[in-house]
Amino acid sequence: MPVARPEPQEPRVIAHVDMDCFYVQVEQRRNLVLRGQPTAVVQYNDWKGGGLIAVSYEARGFGVKRSMRGDEAKRVCPGINLVQVPVARGKADLNLYRSAGSEVVAILASKGKCERASIDEVYLDLTDAAKEMLLQAPPDSPEEIFMEAAKSNILGLLSDAGEKEKNVRAWLCRSDADYQDKLLACGAIIVAQLRVRVLEETQFTCSAGIAHNKMLAKLVSGMHKPAQQTVVPSSSVQDFLASLPVKKMKQLGGKLGSSLQDDLGVETIGDLLSFTEDKLQEQYGVNTRTWLWKTARGISGEEVEDRLLPKSHGCGKTFPGPRALKNSASVKGWLDQLCEELSERIQSDLNQNKRIAQTLTLHARASKENERDSTKKFPSKSCPLRYGTGKIQEDAMKLFESGLHEFLESQNTGWSITSLSVTASKIFDIPSGTSSILRYIKGPSSAAPPAIPDSLSVPEDPSLDNDVFVKPIHEEQCQPSMSEKEDNNAHSASAISAKQRQANEEKRISKKLPEVKGTSSILKFLSWGQSTFHEKRKSDGLICSHQGPGSYSEANKAEEHNVPAEAGDRNNTSSCAEPSGSNTWMFNIQDIDPAVVEELPPEIQREIQGWVRPSKHPSTKRRGSTISSYFPPTRS
């Protein structure tokens, strides 16, 4: 059920820009011969000429509709040009249209907050740009309003066709208009300028709606297509909504809209005005009641999200009629292809935009043998997304098997799949420092990697914890470095003894590590075979000393002479201190990245929290519950 959102304190200027039969325009730009000709873009499917997904306005004049198939369109309009969508992996490949849409978004985003809603539609919050125009260069002369803005359609502005442009110019320049309408007039001019830029730079036309919220802007953007824009002043909202069919409103096209029609007899948005809030609450609850009450009055608090990239990636395929999939082998074959495409797209998103998807979801439509009217739907299934084509394919098949088992309800009956799709969702930007755990484990001969490397890839090693999302190109290891090489023959006995001690220590530690979840994400950056570790905690930092078998750290020397180690460390104020004779690193607590801490095992997270917020009472923890227990010093 929809929920009402808080209204903004100040008036906003929101635009919804919708491309005109966009797929056709993309094909007409590729092939100029198609310009001005009846044209339709056909989805990949050879049954009856394929399904139409976009129809030019020239073809619509002959009666061609999107609901038709290619063969029917040819009968209605013999001269129509049918262009097939590019095909990859046996299904439609929309990358051509996505790229063209990105060209448009780049232009529109130059004037304000931009939310890409789909391949061919965008929301813009132009409030700041409109305020700036109103302050610095307000429209005050009808003659100075440029042509495209003067062609705007303004709801509630009555005039005959011959006087329309004159009246629009006058409305945009009214000195007696209230503040809201003045902002809206500036927004209309800005949108007209943007639409002209889009046409000049991409050769695409678009239509737009301009209002004080997203809901109204979306409703009117398609009222005067193609290549026009419509403005909704606050004074015209009620008249506009009064006769609007309830099913035309966003979020009322499904069950809620049907319930309004069947249970309350509501046919138009205006009909909602006759119902009290108590009556609406009785029927739909508090939250939906408030949303319906506000919607009937044209009020919406939904904000434009600052998002130029899609919220999810999805790949799907339908199998109508005799093409339905009826065994697991055929399902797996198609799932593998869909997952391969999905993997490519999320990997590209990761490399180009530094974004990670968290959830893999499988959707399907199915029917049981001899149960054509069954109301039970194939359940959607989700799981954490693991990067890598093979892993996604494996997980998708498991999700399908789980959904099929639930769909069949343990019945031994035949089934058929008419639609399959896989989706990667819950996509978020990689926080700066996701791979920066290396910064805390850097050796003297290596430099810390950037927060986000230039090129990213996701680990394929199955031994790594799935929560370690990003694998850096250059893995850094903490390895001890000898201050000078010693003669091997002179110290062979000592070296053998040291190696034996280290081997025993490594074997002892390895028995403990498997008990700690996620430790492999840290330990793979550490060199166990050639070093031992000494660790100290301070109120302002962490010191780690890495020693070779023939060297002593300042902390060791202090311990041997009963001198507090802190005395030798008091003057260390830099983030990386290296006393002579050892490789020692000190990290300031305030530099610890919370995003990195979240990757660590729970017990280590607790200890780090202790560094940041030291306990008032000393804690006694068993060996094995702190970082130091994983790196115990070797006694010679």
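Here is a short look at the nonpolar cores of this predicted model and at one helix, α14.

Let's start with the cores. The table sets the two side by side.

| Core | Size | Some of its residues |
|---|---|---|
| Largest nonpolar core | 52 residues | Tyr-23, Val-41, Leu-108, Leu-124, Leu-172 and Phe-204, those with the most contacts inside it |
| Second, separate core | 35 residues | including Cys-339, Leu-342, Ala-366 and Ile-392 |

In the largest core, which has 52 residues, helix α8 (residues 179-202) gives the largest share, with 11 residues. This core also takes at least three residues from each of two domains: domain 1 (1-18 + 91-306) and domain 2 (19-90). For a closer view, pick Leu-108. If you skip its neighbours within four places in sequence, Leu-108 touches Val-17, Val-122, Leu-124, Leu-194 and Val-198.

Now for α14, the helix at residues 328-353. Does its length come out straight or bent, so to speak: what span should 26 residues give? At 1.5 Å a residue they should cover 38 Å, and the end C-alpha atoms sit 36 Å apart, so the two agree.

At the N-terminal end, Asn-327 acts as a cap, with a side-chain oxygen 3.2 Å from the backbone nitrogen of Ala-329. Just after the helix comes Lys-354, which has a positive phi, near 55 degrees.

Buried residues of α14 include Val-331, Leu-335, Leu-338, Cys-339, Leu-342, Ile-346 and Leu-350, and also charged-letter names such as Asp-336, Glu-341, Arg-345 and Asp-349. The buried residues pack against β6 (91-92), α4 (95-108), β12 (313-318), β13 (355-368), α15 (389-408) and β15 (415-429). Two of them, Cys-339 and Leu-342, are listed in the second core too.

Key. Residues numbered from 1 in each chain as written. Predicted model: local features only at pLDDT ≥ 70, side-chain atom pairs only at ≥ 80, totals over all residues. Heavy atoms only, no water. Core = buried A, V, L, I, M, F, W, Y, C linked by side-chain atoms within 4.5 Å. Buried < 20%, exposed > 50% of the residue type's maximum accessible area, 1.4 Å probe, protein only. Helix = DSSP H or I, 4+ residues; strand = E, 2+ residues; numbered from the N terminus. Domains from an automatic or database assignment. Contact = heavy atoms within 4.5 Å. Expected span 1.5 Å × (residues − 1). Polar contact = N/O pair within 3.5 Å; in protein donor to acceptor, adjacent residues only side chain to side chain.
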